[in-house]
Amino acid sequence: MMRTDASRHPSRRGQVAAPQDEGGACCGSPEGHPLDIIWKGILGGLLTALIAWLSKRGNTLPGILPLFPTFAIIALLIVGAKGDSAGFREACMAGAKTIPAYLAFLGICYLTVGTFDYRLALLAGVTAWLFIILIAFFGPRWI
């Protein structure tokens, strides 16, 4: 059942109505169903298995598949279940801030794999990702 009384109360305007299960606990709250964490783990495991399976058939699809926002969907489901639209928007913006870091990761991996072992190229990419993330979240506010 979906609550729709947010528009009738001035203090609740701008909030997303959270879905309720039969027990009344919100699906993303700590009181939610204990199997919530299991389906999230299964989803992540299935995506990993799909990437491994696709890598046997070529290199393009395994590179594209991680761009599907599986973990963003899970995170936004949890944040959205709280019923706070401002928090949902904040989570969306935090995710958007990571795009330059992901591009830096891929760029460094691409440029270093011909010179270094692929594991060192991945380490260099993760280092670049971490550097950009630190700047994006803790750097000057004008960034």
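**View 1. Helices α3 and α4 cross in a right-handed manner in this predicted model.** Here α3 (70-80) meets helix α4, which covers residues 85-97. The two pack at an angle of about 160 degrees, and their axes sit 9 Å apart. Anything over 145 degrees counts as roughly antiparallel, so that's the label for α3 and α4. Want to see who makes the contact? On the α3 side, look for L76, V79 and G80. From α4 come G87, F88, A91 and C92.

**View 2. Helix α1 runs over residues 36-55.** With 20 residues at 1.5 Å apiece, α1 should span 28 Å, and its end C-alpha atoms turn out to be 29 Å apart, so expectation and model agree.

**View 3. The buried residues of α1 are D36, K40, G44, L47 and L54.** They take up an arc of only 95 degrees around the axis, so they're on the same side of α1. Swing round to the other side of α1 and you'll find I37, L46 and T48, which are exposed. As for what covers the buried residues of α1, the list includes α2 (60-64) and α3 (70-80); that α3 is the helix that packs with α4 in View 1.

**View 4. A close-up of T112, in helix α5.** The helix covers residues 99-112, with T112 among them. Is T112 buried or exposed? Its relative accessibility is 14%, and the cut-off for buried is under 20%, so T112 counts as buried. Skip the neighbours within four places in sequence, and T112 is in contact with A121 and A124.

Technical notes:
Residues numbered from 1 in each chain as written. Predicted model: local features only at pLDDT ≥ 70, side-chain atom pairs only at ≥ 80, totals over all residues. Heavy atoms only, no water. Helix = DSSP H or I, 4+ residues; strand = E, 2+ residues; numbered from the N terminus. Buried < 20%, exposed > 50% of the residue type's maximum accessible area, 1.4 Å probe, protein only. Contact = heavy atoms within 4.5 Å. Expected span 1.5 Å × (residues − 1). Arc of directions from axis to C-beta. Axes fitted to C-alpha atoms, helices over the stretch in contact; angles between N-to-C directions. Parallel < 35°, antiparallel > 145°, perpendicular 65-115°, else oblique. Left-handed = near helix turned anticlockwise from the far one by under 90°.
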